[in-house]
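Let us take a walk through this structure together, one piece at a time. Have a look at the fold below before reading on.

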Amino acid sequence: MTVDAAGYRLAAILGNTTCRIALMEGLEARGTLVLSHDELREPAAIERLRELCGDARVEEAGLCSVVPSREDAVAQLVREAAGAELTAVRPAASSFFPSVYRSMETLGADRYCGALAARARYGAPVIVVDCGTATTVNVVDERGVYLGGVIA
């Protein structure tokens, strides 16, 4: 892929069965890569990620993970293929995303990221339904406060 070299980021989502990586220019995905957990440590994964990045200068890389035991493999892959350090998202109540959820330490990063992204994109109130390995429903009230949700 030939791209303008400035201003790119990698966004990685590490789920229960796959790792999905997108090369982002602003809010637009320029390309994506899907790897199984087993593929993360294979040399071919490095080449596939390098191909995805092409000439892009990756300035940042972020990870939303529900599988902490595989995060080091994703970090190593991104470091070797794109020369970037990976920053993992960790749920936390903050001034920009207040929460009344009872235990932010036990909230999955996927649920947190989904609610935060939906609020940023669509405003509040918003209900987020995510159908992955599990189906989750999360709620942000009209004040932009994360209320919690359910897993089915």
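A good place to begin is a single pair of residues: Val-128 has Asn-138 as its bridge partner in S7. The model you are looking at is predicted, so local features need pLDDT of at least 70 and side-chain atom pairs count only at pLDDT 80 or more, while totals for chains, interfaces and linings use all residues. Residues are numbered from 1 along each chain as its sequence is written, and side-chain values use heavy atoms, with hydrogens and water left out.

The names of the elements are easy to follow: helices (H or I, at least four residues) and strands (E, at least two) are DSSP runs, numbered from the N terminus. Two strands pair if DSSP finds at least two bridges between them. With that in mind, S6 and S7 pair in the antiparallel sense over six bridges, and a hairpin of three residues links S6 to S7. S7 also runs antiparallel to S8, joined to it by five bridges; here Val-139 has Gly-148 in S8 as its bridge partner. The hairpin of S7 and S8 has five residues between the strands, and within it Gly-144 takes a positive phi near 85 degrees.

Stay with S7 for a moment, because Thr-136 lies there. Is Thr-136 buried or exposed? Thr-136 counts as buried, at 5% relative accessibility, where buried means under 20% relative accessible area, exposed over 50%, and partly exposed in between (1.4 Å probe, protein chains only). Contact means heavy atoms within 4.5 Å. Neighbours within four places in sequence aside, Thr-136 is in contact with Arg-111, Val-128, Val-129, Asp-130, Val-150 and Ile-151.

Arg-111 takes us to helix H3, where it is one of the buried residues, together with Ala-109, Tyr-112, Ala-115 and Ala-118. These buried residues pack against strands S4 (58–65), S6 (126–131), S7 (135–140) and S8 (146–151). How does the length of H3 compare with what one should expect? The expected span of a helix is 1.5 Å times one less than its number of residues. For the 14 residues of H3 (residues 109–122) the span should be 20 Å, and the end C-alpha atoms are 20 Å apart, which agrees. After H3 comes Gly-123, with a positive phi near 85 degrees. A cis peptide bond then joins Ala-124 and Pro-125, with omega about 5 degrees, and Pro-125 is in the loop between H3 and S6.

On the other side of H3, Ser-103 sits in the loop between strand S5 (86–88) and H3. Ser-103 is buried, with a relative accessible area of 18%.

Now turn to the strands that begin the numbering. S1 and S2 run antiparallel and are joined by seven bridges, with Ala-22 in S2 as the bridge partner of Ala-11. A hairpin of three residues connects S1 to S2. Eight bridges join S2 to S3, again antiparallel, and Cys-19 stands opposite Leu-35 in S3. In the hairpin of S2 and S3, with two residues between the strands, Gly-26 takes a positive phi near 65 degrees.

Helix H2 brings several of these elements together. Its buried residues are Glu-71, Ala-73, Val-74, Ala-75, Leu-77, Val-78 and Ala-81, and they pack against S1, S2, strand S3 (28–36), helix H1 (43–53), S4 and S5. Just after H2, Gly-83 has a positive phi of about 70 degrees. In S4 we find Gly-62, which is partly exposed at a relative accessible area of 26%. Setting aside neighbours within four places in sequence, Gly-62 is in contact with Leu-10, Ala-11, Ala-12, Leu-86 and Thr-87.

Last comes the open space. The largest pocket holds about 1,700 Å³. Of the 47 residues that line it, the closest to its centre are Ile-13, Cys-64, Cys-113, Gly-114 and Ala-117. A pocket, on a 1 Å grid over the protein atoms alone, is an open set of points where a 1.4 Å probe fits, with protein on both sides within 12 Å along at least five of seven lines; lining residues have an atom within 4 Å of a point. The volume is the space filled by probe spheres set on the points, which are joined across faces, edges and corners. H3 gives the most to the lining of the largest pocket, with 11 residues.
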